[in-house]
Amino acid sequence: MASSDGEVKVLGTWSSPFVMRARIALNLKSVNHEFLQERLWEGKSQLLLQSNPVHKKVPVLIHGHHTISESLIIVQYIDEVWSSAPSILPSQPLERATARFWAAYLDEKWFPSMRGIGMAEGEDARRAAVGQVEEGLVLLEEAFGECSKGRPFFGGDRIGYLDIAFGCFLGWLRVTEKMSGIRLLNETKTPQLLKWAHGFCSDDAVKDVMPETEKLAEFAKMIMSRVKGAATGTGKS
Amino acid sequence: MADSNVKVLGTWASPFAMRVRIALHLKSVGYEYVEENLLEAKSELLLKSNPVHKKVPVLFLGDKPVCESLIIVHYIDEVWTSVPSILPSDPYDRAESRFWAAYVDDKFFPALRRVLVSTEEDRKAAMAELLEGVVLLEEAFRKLSKGKAFFGGDNLGYVDLAVGSLLAWIKVIEKFTETEALSEAKTPSLAAWADCFSSHAAVKDVFPNVDKLADFGLKLRAKFSKAAAAAAATTTTTD
């Protein structure tokens with residue numbers, strides 16, 4: 001019953017790491033798809049509200065008459081529908097559990113802590129936020145060692161689930177490094193991750209969907225000023 | 001075969017630990033159960049086996065720990081591949097099941113917890129949010145069950161475990177607030193399902209006694225209020 005027939009579309013935005021996960025997964029499977037961009041400042045589209053009424057968020061994968069939401073759920077769906085092409089999840093149950101564990105950790109703990117750096121007010125708060133992110137990176141460096149077993153990716157010789165789950169944040173990580181002047185990934189504490197990051201970003205499935213750091217930094221500045229403008233009541237709509 | 005090698009670290013009150021135990025029961029896998037005492041300091045075993053989150057449940061197969069209840073349920077389904085399958089077989093059905101389970105953990109459970117720790121003034125808003133969630137789950141049930149007894153159809157499935165494990169706490173809330181969250185009038189499908197779920201052979205031995213859970217809930221509230229008051233005191237005394 002698992003048919004890969006039907007048009008494939010991804011509803012998303014160019015700047016969202018979560019949207020990137022869906023696109024990378026489709027690229028890995030060589031699945032032709034259309035990318036429908038939400039216009040960020042114009043309110044949520046009808047298509048988005050209809051296809052993800054519960055959360056009203058991107059990404060949404062549209063496959064024939066099915067709509068699938070939540071980036072990690074979308075990645076698993078893609079892996080299971082296009083099952084002949086390279087596997088995204090590992091084959092062993094324990095390795096799958098480990099990959100899922102770290103992906104969940106990234107979404108629930110690590111990425112929020114990284115966002116926290118940009119939102120921190122005052123030097124103390126910023127230092128605390130940076131500390132949290134760095135602690136997380138040390139954990140992820142260890143996890144890389146265990147999962148990769150000496151090969152270039154978390155998934156081994158090729159990009160896998162955890163590479164996608166983590167790698168999608170590299171654009172924002174680089175923006176954070178640029179804006180804070182701190183090298184979060186570095187040769188001292190995270191040598192393996194530093195190397196992995198280069199490999200990930202230059203992979204064929206990734207390079208066309210990873211936003212340029214400059215463009216993302218400009219975008220970040222624009223969001224910050226809108227947020228601050230809204231907070232002080234001087235923002236223009 | 002691997003039965004003697006399986007251990008679960010949990011607590012009787014934890015809905016998340018319940019999910020794991022139900023999954024093992026569904027697969028007829030025997031296991032050793034180790035009870036963690038929630039009101040005391042965390043055990044060595046817990047801290048060692050789940051250093052990142054320091055939370056139950058933890059499943060051990062031999063000496064290998066697996067953490068996070070929904071991840072553990074996937075793992076159980078993938079290791080013990082005999083019927084019944086906990087996740088559906090079709091990829092779209094699997095995605096839908098995962099969606100609703102994630103909804104429970106990301107939105108519904110936090111709403112439930114907010115009601116439990118709420119003050120008099122917050123309670124109404126917190127309860128309204130929870131009831132909105134119940135309405136969504138009623139709709140989800142009708143869609144996923146396709147007219148059968150469970151979210152998973154004829155058998156307990158992934159979403160049954162995700163939602164059903166919270167039923168006892170929902171009943172505690174109903175007791176505390178004297179409001180019905182699930183009712184024949186407003187959520188007929190869920191009300192009927194709740195009875196089927198809690199009396200299922202794989203569930204009934206691990207479904208907590210609601211009065212006992214209510215008492216425990218009060219103790220947790222007291223612990224939470226004490227911690228919140230202490231935190232408030234420290235923030236008001238620093239610059």
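Between chain A and chain B, about 2200 Å² of area is buried, and carbon and sulfur atoms give 69% of that. A word of caution at the start: this is a predicted model. Three residues of chain A stand out here. A:I73, A:L94 and A:F101 supply 24% of the area that chain A buries against chain B, more than any other three residues. As for the residues that touch, 27 of chain A are in contact with 25 of chain B.

Now the polar side of this interface. There are 4 salt bridges between chain A and chain B. One of them joins the side chains of A:R100 and B:E78, at 3.0 Å from N to O. The count of residue pairs in polar contact between chain A and chain B, both at pLDDT 80 or more, is 7.

Which elements of chain A give two or more residues to the side that touches chain B? They are β4 (66–69), α3 (71–81) and α4 (93–119) of chain A. The most comes from α4(A), with 11 residues. Sorted by class, this side of chain A has 15 nonpolar, 6 polar and 6 charged residues.

Staying with α4 of chain A for a moment, I turn to a contact inside the chain. The side chains of A:D107 and A:R21 form a salt bridge, 2.7 Å from N to O. A:D107 sits in helix α4 of chain A and A:R21 in helix α1 (residues 17–28) of chain A, so to speak two distant parts of the chain, 86 residues apart. Over all chains, the structure holds 22 salt bridges.Next, chain B and its sheet. The sheet is open and has 4 strands in the order β2-β1-β3-β4, with mixed pairing. Why does one side of β2 (32–35) and of β4 (64–67) of chain B lack a neighbour in the sheet? Both strands stand at the edges, and each has a single partner strand, so one side is left without a neighbour. On average, neighbouring strands of this sheet are turned by 20° against each other, direction ignored.

One strand pair can be followed in more detail. Strand β3 (residues 58–61) of chain B and β4(B) run antiparallel, joined by 4 bridges. Within chain B, B:V58 stands opposite B:C67, which belongs to β4(B).

Last, the helix that goes with this sheet. Helix α1 (residues 15–26) of chain B lies across β1 (6–10), β2 and β3 of chain B. Relative to β1(B), helix α1 of chain B runs at about 155°.

Key
Residues numbered from 1 in each chain as written. Chains lettered and ligands numbered in written order. Predicted model: local features only at pLDDT ≥ 70, side-chain atom pairs only at ≥ 80, totals over all residues. Heavy atoms only, no water. Contact = heavy atoms within 4.5 Å. Buried area = accessible area lost by both parts, 1.4 Å probe. Polar contact = N/O pair within 3.5 Å; in protein donor to acceptor, adjacent residues only side chain to side chain. Nonpolar A, V, L, I, M, F, W, Y, C, P; charged D, E, K, R; others polar. Pairing = 2+ DSSP bridges. Axes fitted to C-alpha atoms, helices over the stretch in contact; angles between N-to-C directions.
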